[in-house]
Amino acid sequence: MFKKCFSKSIIHIILIATSLLSIFPFIWLASTSFKGINEDIFAYPPSFIPQDFTLANYIDVWQKVDFMGYFWNSIIVAGLTVILNLILSSLAAYPLARMHFRGKRVFFFSILATIMIPFQAIMLPVYIITLKLHLIDSVNNIMGYIGLVMPFAVSAFGIFLMRQAFLKVPREVEEAAIVDGCNVFQMFVKVILPMVKPTLAVLAVFTFIGSWGEFLWPSIMLTKESMYTLPVGINNLQGMFSANWRFIAAGSIISTIPIIVFFLMMQRYFISGENDGAVKG
């Protein structure tokens, strides 16, 4: 009994220590965002509790840049990315999970293999294609949004996750839907998708977080400041020879709020949906 309690205590101590290490950057960021202009943010030893506590950094960063414009641009880009991922990943995963056709396993493993290819390796040809299709913000805002979203409209991870969820759905459900007169599309939309809502929520959360924090692709694609997303806009606070780290910290804290809100909205589906992705198929 003592040995079991001791081992559990060790595990909990390790988990707590790992959690503290994980949230340390966020704590440091929050502390910096509340420090006044007269307080040295690079002082040693570091001070986590601001001596000159102020909210001026949040007010100033909101006034000095078009923060609301950056926010809405990020909302549009992340929202479109999430919607397209849910639709396209589901449509691609369903035949891989429920239909029988020649070469299905080859197609599936070929899709999985693309996970090993980093976006940076294909970024140049994707940029050239986007440029030739005039999907850049120099044409108009709508084209700019499309150019930001399309390279991330579907992912191999999303297809894999949805395939694993579809494999859990009993065959009897499909047979009952067909008996009731549903065609394949009606069965997919009205019967199958409602049964994998937790996995859709998980995919939505991961896609939203990835799209919201994406910096490299928007920084390459965007030329007009009115089209900047939050990561690009916050980086714009950093000048060529100096940077106001208090403003950057305050902007970064504000930009994390939508991620937290979105996660809390999807939280009740998240755990069960993650388990769906672990099903062997």
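Helices (H or I, at least four residues) are DSSP runs, numbered from the N terminus. The structure is a predicted model, in which local features need pLDDT of at least 70 and side-chain atom pairs count only at pLDDT 80 or more, while totals for chains, interfaces and linings use all residues. Residues are numbered from 1 along each chain as its sequence is written, and side-chain values use heavy atoms, with hydrogens and water left out.

H10 contributes six residues to the lining of the largest pocket, the most of any helix. A pocket is an open set of points on a 1 Å grid over the protein atoms alone, where a 1.4 Å probe fits, with protein on both sides within 12 Å along at least five of seven lines; lining residues have an atom within 4 Å of a point. The volume of the largest pocket, taken as the space filled by probe spheres set on the points, is about 830 Å³. Its lining comprises 32 residues, of which Phe119, Pro151, Phe152, Val154 and Ser155 are the closest to the centre. Helices that each supply at least two lining residues include H3 (67-98), H5 (119-132) and H7 (156-168). By type, the lining has 22 nonpolar residues, nine polar and one charged; Ala, Val, Leu, Ile, Met, Phe, Trp, Tyr, Cys and Pro count as nonpolar, Asp, Glu, Lys and Arg as charged, and the others, Gly among them, as polar.

Gly103 lies in the loop between H3 and helix H4 (104-113). Its relative accessible area is 28%, and Gly103 is therefore partly exposed (between buried, under 20%, and exposed, over 50%; 1.4 Å probe, protein chains only). The C-alpha atoms of Gly103 and Asn236 are separated by 48 Å.
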